[in-house]
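Subject: Structure handover

Hello,

Here is the structure I promised to pass on. Please open it alongside this note, and my findings follow below.

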Amino acid sequence: MTSLALPGSFLDVNKTCHGRHAARNSIIRCNVAEPLMFSKENGRPGIPLQVNGDPSFTNLLNANQLRRFPVAHGHNDTRLRIFSGTANPALSQEIASNMGLELGKIMIKRFADGEIYVQLQESVRGCDVYLVQPTCPPANENLMELLIMIDACRRASAKNITAVVPYFGYARADRKTQGRESIAAKLVANLITEAGADRVLACDLHSGQSMGYFDIPVDHVPGQPVILDYLASKTICSDDLVVVSPDVGGVARARAFAKKLSDAPLAIVDKRRHGHNVAEVMNLIGDVRGKVAVMVDDMIDTAGTIAKGAALLHQEGAREVYACTTHAVFSPPAIERLSSGLFQEVIITNTIPVAEQNYFPQLTILSVANLLGETIWRVHDDCAGGFEPYSSLGID
């Protein structure tokens, strides 16, 4: 029997989490392994990256084997501006802080009739502007706010405008499943493009084809490295681990996740959907008896799919069930289903803000601020994501 352990960790999880119980109800910050070091030659900071030849976030070296790579940016880069919408200001502030920058000054307000007003409080002429705004619930409000922010930057003569959309709403409406349906994902992509965005940076899109709906470059950042590093810090026996896809459509995502978790076996929950937000589990493909099951999905909405899948896994003899997802939409009655005792732990990221009243004992929130911040630097500096451990970012 061998213990589950990835070769290392990009996130300094051990400094912020001491076991599952300590992690509950707290945000686990993504920290670099060592503090920023400044070059004597140009005064610019370098981030200590941990690598061992395999270009991956989760294949890292021990502390005494760290190698340093210079990063071509500084704290006083006046051409890089980050502005936050009202959807997730906490994440925006964390991204800016981790990058050594301050958020740009912007005024966003609602008129009495519900119309949105946006005014930049500082000049962005000739600047590389990044607008952080997930289109999470209320999706229409946040989407319209993003469009007006983009338009304001375009009319203020920004050189480049990048829409940083940690959660891309309407991503599930990416194809026609019945006649006379709309493809809202394509429509939203057109709106963002026509508003004036030059690039989109999104985290864990529901499906890969959504990138093709944009006529501008799209940087797709997976949230898996954050969750994988957290799981690597837990004392789970690798021989007892099985990764479970809650539906057939998520098999590719679950297979990639399992490969990075000591090449764990894979199981699939076969479900049949009778309507929107209504799911019925039929059977299980794979063996979970006596195993620790890790269910992986890109989002949890009403939690119907993942809760029924967890119930089936317990019926089939699973010892423990973990739920891992990037986007916590948490539409009612998701909280009741997730806190009902089916899950040992529910692991999410902060791409969507979770109200404090929706916290429950099994909930663990991980931060993607470092992940998005480093991606923003690399896009700004025209660096490829294939540079050492950032090859999984998929930035060309």
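**Asp204 and its surroundings**

Asp204 sits in the loop between β10 (199–203) and β11 (218–221). Helices and strands here are DSSP runs, numbered from the N terminus (helices are H or I, at least four residues; strands are E, at least two). This is a predicted model, so local features need pLDDT of at least 70 and side-chain atom pairs count only at pLDDT 80 or more, while totals for chains, interfaces and linings use all residues. Residues are numbered from 1 along each chain as its sequence is written, and side-chain values use heavy atoms, with hydrogens and water left out.

Is Asp204 buried or exposed? Asp204 counts as buried because its relative accessibility is 12%. The cut-offs: buried means under 20% relative accessible area, exposed over 50%, partly exposed in between (1.4 Å probe, protein chains only).

Asp204 has no salt bridge. That term means a side-chain nitrogen of Lys or Arg within 4 Å of a carboxyl oxygen of Asp or Glu. The nearest side chain of opposite charge is Arg253, 5.5 Å away. For charge, Lys and Arg count as positive and Asp and Glu as negative; His and the chain ends are not counted.

The Asp204 side chain does reach the backbone nitrogen of Gly223, at 3.2 Å. Contacts of Asp204 beyond four places in sequence include His220, Pro222, Thr326 and His327. Contact means heavy atoms within 4.5 Å. The phi of Asp204 is near 50°, a positive value in a residue other than glycine.

**Other backbone points**

Ala303 also deserves a look. Its phi is near 70°, again positive in a residue other than glycine. Ala303 lies in the loop between β15 and α7 (304–315). Ala303 counts as buried because its relative accessibility is 5%.

Where are the cis peptide bonds listed here? One joins Pro137 and Pro138, with omega about -5°. Pro138 is in the loop between β8 and α3 (139–155). Another runs from Pro332 to Pro333, with omega near 5°. Pro333 is in the loop between β16 (320–328) and α8 (334–338).

**The β6–β7 hairpin**

Strands β6 (residues 106–110) and β7 run antiparallel, joined by 5 bridges. Two strands pair if DSSP finds at least two bridges between them. Ile106 stands opposite Leu120 in β7. The hairpin has 5 residues between the strands, and Gly114 takes a positive phi near 100° there.

In a regular strand the side chains alternate between the two faces of the sheet. Strand β7 (residues 116–120) shows that alternation. Ile116, Val118 and Leu120 point to one face and are buried. Tyr117 and Gln119 point to the other face and are not buried.

Ile108 is in strand β6. Ile108 is buried, with a relative accessible area of 19%. Not counting residues up to four places away in sequence, Ile108 touches several residues, among them Ser84, Ile116, Val118 and Met149. Ile108 and Thr86 are 22 residues apart in sequence and 7.8 Å apart in space, C-alpha to C-alpha.

**Salt bridges**

How many salt bridges does a search of the whole structure find? It finds 13.

- Glu122 and Arg81 meet at 3.0 Å, N to O. Glu122 is in the loop between β7 and β8 (128–132), and Arg81 is in strand β5 (residues 80–84), 41 residues apart.
- Lys234 and Glu345 meet at 3.1 Å, N to O. Lys234 lies in the loop between α5 (224–232) and β12 (241–245) and Glu345 in strand β17 (residues 345–349), so this pair ties together parts 111 residues apart in sequence. Both Lys234 and Glu345 are buried.
- Asp298 bridges to Arg253, the closest N and O atoms being 3.8 Å apart. Asp298 lies in strand β15 (residues 292–300) and Arg253 in helix α6 (residues 251–260), so the pair ties together parts 45 residues apart in sequence.
- Arg110, Glu141 and Glu145 are joined into one network by salt bridges that share partners.

**Confidence**

The chain averages a pLDDT of 82, and 75% of the residues score at least 70. pLDDT is the predictor's confidence in each residue, from 0 to 100. Over residues 5–75 the pLDDT is below 50. Over residues 386–396 the pLDDT is also below 50. Where pLDDT is low, the predicted coordinates should not be read in detail.

Best wishes

Definitions and conventions. A polar contact is a pair of N or O atoms within 3.5 Å; within protein, one must be able to donate a hydrogen and the other to accept it, and residues adjacent in sequence count only if both atoms are side-chain atoms.
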